[in-house]
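With the model open in your viewer, follow the stops below in order, making each selection before reading on.

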Amino acid sequence: MSLTHDVTPSSDVGLAARPAWRALVAHHATIAQAQLRELFSADADRGDRYALEAAGLYLDYSKNRITDQTLKLLAALAGECGLRERIAAMFRGDAINTTERRAVLHVALRAPASEKIFVDGVDVVAEVHTVLDRMAAFAEELRSGRWLGHTGKRIRNIISIGIGGSDLGPVMACEALRFYSQRDLTVRFVSNVDATDLVEATRDLDAAETLFIVCSKTFTTLETLTNAHAARAWCLGQLGDDKAVGRHFVAVSTNADGVRSFGIARENMFGFWDWVGGRYSMDSAIGLATMIAIGPAHFRSMLAGFRAMDEHFRSAPVERNLPALHGLLAIWNVNFLGASTLAVLPYDQYLKRFPAYLQQLTMESNGKHVTRDGVPVDFETAPILWGEPGTNGQHSFYQLIHQGTRLVPCDFIGFCQGLNPLGRQHDLLMSNLFAQTEALAFGKTAAEVAAEGTPEALVPHRVFEGNRPTNTLLAERLTPATLGALVALYEHSVFTQGVIWDIDSFDQWGVELGKALALRTTPELESATEPALAHDSSTNALIRRYRHSRNNSRTA
């Protein structure tokens, strides 16, 4: 399929004009004041009926402010917006990234070797498995100790250098799957161009035992290449021989010339493709550090989890489709209940970086203000996503979620079996998860508070309004396969939301302006003479103040 062909143009019908959208507006008016207490009281089976299971994940969505009619209309909206057709187009390899005229094929990264997906006449699945096999061979070399550094020492430290999608996914995955990692290897990540990030990552390491993975598709990303050259200088400062670069640096890139000029041999470059967006790339060669940490077998298990959710998303009807339904519930909460934010609350310490990963996935994908045709939207798009692991958040921001003036829908994520059994602690952890969703849904009335003997003056302070929507995601254990399924769930949920809003979820033009201005500003900060500044008065003043302070520190 040619990358220059887009078979899914935007509809001439605006979202607000769609019959299902108008029906949802009217429906919302009839249930806007509905209370979860009443909905559960009227339907004894609600908790069982409003649940789905797929790819090892169980979703309880019963504590959303919805009825059967809400779900029927949301499914109708998905049909009118062509969700099934857009899913098929993505899996075929059509250029559904319309502004860049590219295929969007992160699903090919975990497709079985027997599947064939063609882009411009090339079977990309075969290419994916070739790279996976090379990654596995290299990972085993490192894990076994056969790969030696320049001085003959075993590599014990891995530092992955990237930024954005080349960093957030692997960071999250390595932390999430730490239980399965090889503990005699230290795996760290550097992304921030702030020198502190690299300095702290290398402070206690021996360069002779350290390997850097430089992750940059173009091998020109400013922050990544700045850190890579600083790491190169650190390494050579200890080892003193340019030939050491070949044993202490590998690259994940498509720029063979740039990699070679850095000093990395072509056989130590692992490629990926234009049809892999950065925030969808953790299961490509960008995940090399993850594979080294947990081993090829566990990495392939993670891919199997991705694939299981992919197949469910591709084949299940919308009303029984876990990612599609998750995305449609987000549409309901954002566009009809007026929620501008989503809290993701994993009750597992290993998932502490999961909300940060989802921030990019959600907000870079769907933080858009025009449709695919460039028409300004007249509705809200991506919610602001944030979160922390439970139970830490309960002693921090849950106050606002329970009694604040903003509606904050929440996704709770938990596991029936903990990976580190320690007395009754996992039962305590999960009891808190279940209690929080119950409290958010049903609250506590003034009458109930007063009946507890609360002084009258304190009653208003101790009332919980409830009626706060939540999803609960449960799995048996946090395994590599479970993590793959969980990430794929959110990938496809984000895609579903983008289809409904008719926006391009796969470009990110919003990051370009700041980067371009930074390139203009950097020489002004570094200039030995006072530069002529042509910014606004605020930016000019800030630059002058910075230069004055820096110059004073140099002469002090």
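A cavity, as the word is used on this tour, is a set of grid points where a 1.4 Å probe fits but cannot get out, and its lining residues are those with an atom within 4 Å of a point. The model is predicted, which should be kept in mind at every stop.

**First stop: the second largest cavity**

Begin by selecting helix H19, residues 480–501, together with H14, since each of these helices supplies at least two residues of the lining of the second largest cavity. Which helix gives the most to this lining? H19 does, with four residues. Now extend the selection to the full lining, which consists of His326, Ala330, Leu342, Thr362, Pro383, Leu385, Tyr490, Ser493, Val494 and Gln497. The space they enclose comes to about 70 Å³, and by class the lining has six nonpolar and four polar residues, with no charged residue among them.

**Second stop: the largest cavity**

Keep H14 (322–336) on display and add strand S10 (341–346), for these are the elements that give two or more residues to the lining of the largest cavity. Of that lining, H14 provides the largest share, five residues. The complete set to select is His326, Leu329, Ala330, Asn333, Val334, Ala339, Thr341, Leu342, Pro383, Pro409, Asp411 and Asn471, and the cavity that they line holds about 100 Å³ of space. Colouring these residues by class gives seven nonpolar, four polar and one charged. In total, the structure holds four cavities of 30 Å³ or more.

**Third stop: H5 against H19**

Return to H19 and select helix H5, residues 83–92, beside it; the two helices pack at an angle of about 125°, with their axes 10 Å apart. H5 and H19 are therefore oblique to each other, and the crossing in which H5 passes H19 is right-handed. To see the contact itself, show the side chains of Leu83, Arg86, Ile87 and Met90 on H5, and those of His492, Phe495, Thr496 and Val499 on H19. Sorted by class, the residues of this contact are five nonpolar, two polar and one charged.

**Fourth stop: H7 against H15**

Move next to helix H7 (residues 168–176) and helix H15 (residues 354–366), whose axes come within 9 Å and cross at roughly 155°. Because of that angle, H7 is roughly antiparallel to H15. The crossing of this pair is left-handed. On the H7 side, select Leu168, Gly169 and Met172, and on the H15 side Phe354, Ala356, Tyr357 and Gln360, which they meet. This contact is made up of five nonpolar and two polar residues, and no charged ones.

**Last stop: the largest pocket**

Leave H15 selected and turn to the largest pocket, which has a volume of about 1200 Å³. Where should the view be centred? Of the 42 residues that line this pocket, the closest to its centre are Thr221, Gln508, Val511, Glu512 and Lys515. Helix H9 (222–239), H15 and helix H20 (512–526) are the elements that give two or more residues to the lining, and H20 contributes the largest share, six residues. A final colouring by class shows 16 nonpolar, 17 polar and nine charged residues around the largest pocket.

Technical notes: Residues are numbered from 1 along each chain as its sequence is written. This is a predicted model: local features need pLDDT of at least 70, side-chain atom pairs count only at pLDDT 80 or more; totals for chains, interfaces and linings use all residues. Side-chain values use heavy atoms; hydrogens and water are left out. Axes are lines fitted to C-alpha atoms, for helices over the stretch in contact, and angles run from 0 to 180 degrees between N-to-C directions. Angles under 35 degrees count as roughly parallel, over 145 as roughly antiparallel, 65 to 115 as roughly perpendicular and the rest as oblique. A crossing is left-handed if the near helix is turned anticlockwise from the far one by less than a right angle, and right-handed if clockwise. Contact means heavy atoms within 4.5 Å. Ala, Val, Leu, Ile, Met, Phe, Trp, Tyr, Cys and Pro count as nonpolar, Asp, Glu, Lys and Arg as charged, and the others, Gly among them, as polar. On a 1 Å grid over the protein atoms alone, a cavity is a set of points where a 1.4 Å probe fits but cannot get out, and a pocket is an open set with protein on both sides within 12 Å along at least five of seven lines; lining residues have an atom within 4 Å of a point. Grid points are joined across faces, edges and corners, and a volume is the space filled by probe spheres set on the points.
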